[in-house]
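User: I'd like to go through this model with you, one helix and one contact at a time. Ready when you are.

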Amino acid sequence: KTLTLQFWKASEVVISIILLLGLYLGSNAGMPLAGGWIVMSCVFLMGTHAAFFAPAKYGAMPEILRPHILSRGNGILESTTFLASIFGTVSGGLLFHVFRENTMMIGVILLVLSLIGTAASFLIAWLPAAAPDREFPPYLFKPLIDNLKVMFRSRPLALAMLGIAFFIFMVAYMRASMYMHGETRNPRWSEEHTSLIVATVALGVGLGSPLAGYLSGGKIELGLVPLGCLGMILALTVSAVAIDHTVVLVAALIVIGFFSGFYMVPLYTLLQHRAPKKSKGELVATSNFINVTGAIAASILFKVLV
């Protein structure tokens with residue numbers, strides 16, 4: 001897992017350099033079509049990066065941390081992961097607004113960040129391979145099918161996987177809804193304004209996830225999950241009723257982020273703890289496959305409803 005984490009962090013540097021080439025061709029060399037295709041290929045490569053990096057990251061947590069602090073560690077990991085995701089979404093719009101005439105600077109900033117991340121990855125403690133005798137599968141989808149069978153045979157694993165996937169579904173749907181909401185305002189919100197409104201969720205996540213880890217008290221506290229559900233339901237109801245009142249809407253988004261930590265931290269900890277030692281990374285990867293399916297389903301549902 002250590003080698004996987006370091007390799008894929010280093011790959012970010014290569015992807016950032018390719019991205020710089022695409023931005024240069026598109027904005028400086030007068031080749032917008034070629035530049036556009038290269039930039040989009042980098043989006044695809046970062047998706048590939050995430051497919052390998054995330055299972056190693058979540059699978060390494062129960063090997064690095066003792067069981068009694070796993071929930072607390074997941075609280076910090078979840079808060080920083082969602083903060084990064086939300087701030088990344090926001091900063092994309094802001095960076096384009098600032099560097100509209102010099103998009104190469106966006107690529108330079110991403111390259112610097114990737115270099116910092118790569119350097120940080122070499123601080124990770126070395127973790128021995130959990131299953132060094134594992135052979136490369138002759139059929140790429142066979143492990144996915146086998147892991148789905150393992151997960152659905154275990155009620156806790158199945159509920160954790162489906163619970164996480166539903167949350168990813170909801171996040172994707174809410175994000176699309178908020179951006180459409182900004183477009184329908186009169187006067188219409190700018191992309192920067194909408195991005196900042198969406199970013200307020202990060203305030204709640206930053207508070208709720210570490211608190212959930214702390215309240216777990218050295219164990220997997222599944223009692224926080226229904227509390228998180230109720231909190232998000234009430235906050236979503238308030239946001240629907242007061243959707244034209246921006247201050248109330250922002251407050252509701254912060255509360256949604258806060259209670260999302262109560263919902264997610266125990267489920268991720270349960271998934272990591274109950275997964276067999278030799279296949280923790282595999283089961284996290286399988287969970288990610290279901291998560292992506294949930295995000296795609298949210299996009300399709302949103303398009304149908306709109």
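User: Let's begin with Arg 185: is Arg 185 buried, partly exposed or exposed?
Analyst: Keep in mind that this is a predicted model. The relative accessible area of Arg 185 is 23%. Buried would need under 20% and exposed over 50%, so Arg 185 comes out as partly exposed.

User: Which residue forms a salt bridge with Arg 185?
Analyst: The closest N and O atoms of the pair are 2.8 Å apart, and a salt bridge asks for a distance within 4 Å. The two residues sit 59 apart in the chain, with Arg 185 in the loop between H6 and H7 and its partner in the loop between H8 and H9. That partner counts as exposed because its relative accessibility is 54%. The residue is Asp 244.

User: How many salt bridges does the structure hold, counting that one?
Analyst: Besides the Asp 244 to Arg 185 pair, the list includes Glu 12 with Lys 9 at 2.9 Å, N to O. Lys 1 and Glu 63 are also among them, at 2.7 Å. The total is five.

User: How many residues apart are Lys 1 and Glu 63?
Analyst: Their side chains meet in a salt bridge that links distant parts of the chain. Lys 1 is in the segment before helix H1 (2-27), while Glu 63 belongs to helix H2 (residues 32-64). Lys 1 is partly exposed at 23% relative accessibility, and Glu 63 is partly exposed at 23% too. The separation along the chain is 62 residues.

User: What about Glu 12 and Lys 9: which helix do they lie in?
Analyst: Glu 12 and Lys 9 are both buried, and their side chains meet in a salt bridge. They are three residues apart, about one turn of the helix. The helix is H1.

User: Which residues does Ser 121 touch, leaving out those up to four places away in sequence?
Analyst: Ser 121 is part of helix H4. At 3% relative accessibility Ser 121 is under the 20% cut-off, so it counts as buried. Its contacts are Leu 5, Gln 6 and Lys 9.

User: And where does Met 105 lie?
Analyst: Met 105 is partly exposed, because its relative accessibility is 31%. Together with Val 108, Leu 110, Val 112, Leu 113 and Ile 116, Met 105 makes a nonpolar surface patch of about 480 Å². Its location is helix H4 (residues 104-121).

User: On to H8: how far apart are its end C-alpha atoms?
Analyst: H8 covers residues 224-241, which is 18 residues. At 1.5 Å a residue the helix should span 26 Å, and the model agrees with that. The distance between the ends is 26 Å.

User: Within what arc do the buried residues of H8 fall?
Analyst: The buried set is Leu 224, Val 225, Gly 228, Gly 231, Met 232, Ala 235 and Ser 239. Seen down the axis, they line one face of H8, and their cover includes helices H6, H7 and H9. On the other side, Leu 230, Leu 234, Ala 240 and Val 241 are exposed. The arc is 125°.

User: Last one: which helices do the buried residues of H5 pack against?
Analyst: H5 has twelve residues and reaches 17 Å from first C-alpha to last, close to the expected 16 Å. Its buried residues are Leu 144, Asn 147 and Met 151. They fall within an arc of 70°, so they line one face of the helix. They pack against H6, H9 and H10.

Methods
Residues numbered from 1 in each chain as written. Predicted model: local features only at pLDDT ≥ 70, side-chain atom pairs only at ≥ 80, totals over all residues. Heavy atoms only, no water. Patch = residues over 30% accessible without salt bridge, like charges linked within 9 Å, V, L, I, M, F, W, Y side chains within 5 Å. Areas by Shrake-Rupley, 256 points an atom, 1.4 Å probe, with all protein chains shown as cover. Helix = DSSP H or I, 4+ residues; strand = E, 2+ residues; numbered from the N terminus. Buried < 20%, exposed > 50% of the residue type's maximum accessible area, 1.4 Å probe, protein only. Contact = heavy atoms within 4.5 Å. Expected span 1.5 Å × (residues − 1). Arc of directions from axis to C-beta.
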